[in-house]
Amino acid sequence: IEGVRTKLGGSHLGRICELAVPDYRTIVTASSGGQCLLWNIEMREAVLRYDGHEGDVSSVSSSKKNLLTGGFDGSAKVWDFTNGYCIHSYNHPAQDVVQCKYGNAVSTLLHAAYLCTCTCMC
C-alpha cells in the first residue's frame, strides 16, 4: 500500500501477493516476505503483524474470529485475528499452498496445494 505508514516499524518485507477485506474498517495484506499485515483503513496504518511463513504468503482468507493464510512453504496457518497468535499450522512439506479459504461450515477450512490436491481440515 503505497504512501501508507505503519506503527510496526516499516511495511512489508516484499511484494504484496494477496489481500482480504474482513470488514469495512480493515484489510489484510499478504507478502512475499512471509508475513501478513492488518491495516486500519481510517488510520491508514498497519496495526498488527502475522509472522510465521518461510517465503511467499500466497493466500489469505478471514472469518469473524480467525485469519487463514497459505504459503509457498507448504503450510496453511490459522491465526487469532485480534492478537496475531498462530493457533494452528497445517504442514505439507514440498507442496506450495496456492489457495486457502474458509468453507461455509463453521469450522471447515480448505486449502489447495500446488500439486493439485485439495484437503479439507474439519
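1. In this predicted model, K77 stands opposite S89, a residue of strand β9. The strand pair to which this match belongs is β8, covering residues 75-80, and β9, and the two run antiparallel and are joined by five bridges. Another facing pair between them is formed by S75 and N91, the latter again in β9.

2. The connection between these two strands is a hairpin, with five residues lying between β8 and β9. Within that turn, G84 has a positive phi of about 85°.

3. On its other pairing, β8 meets strand β7, which spans residues 66-71, and here too the sense is antiparallel and the number of bridges is five. The bridge partner that N66 finds in β8 is D80. β7 and β8 likewise form a hairpin, in this case with three residues between the strands, and G74 in the turn has a positive phi of about 85°.

4. Taken together with β6, these strands make up an open sheet of four, ordered β6-β7-β8-β9, in which the pairing is antiparallel. The edges are held by β6 (57-62) and β9 (86-91), and because each of them has a single partner strand, one side of each is left without a neighbour in the sheet. Neighbouring strands of this sheet are turned against each other by 15° on average, with direction ignored.

5. How many of the six residues of β8 are buried? Five of them are, and the strand is therefore largely enclosed by the rest of the structure. For a reader following the side chains along a strand, it may help to recall that in a regular strand they alternate between the two faces of the sheet.

6. T69 deserves a separate look, and its place is in strand β7. Its relative accessible area is 0%, and because buried means under 20%, T69 is classed as buried. The side chain of T69 is joined to that of W79 by a polar contact of 2.8 Å.

7. Once the neighbours within four places in sequence are set aside, the residues in contact with T69 include S75, A76, K77 and W79. Also among its contacts are V57, S59 and V60, together with C36, H53 and C100. K77, one of these contacts of T69, is the residue that stands opposite S89 in β9, and S75, another of them, is the one that stands opposite N91.

Note on methods
Residues numbered from 1 in each chain as written. Predicted model: local features only at pLDDT ≥ 70, side-chain atom pairs only at ≥ 80, totals over all residues. Heavy atoms only, no water. Pairing = 2+ DSSP bridges. Axes fitted to C-alpha atoms, helices over the stretch in contact; angles between N-to-C directions. Buried < 20%, exposed > 50% of the residue type's maximum accessible area, 1.4 Å probe, protein only. Polar contact = N/O pair within 3.5 Å; in protein donor to acceptor, adjacent residues only side chain to side chain. Contact = heavy atoms within 4.5 Å.
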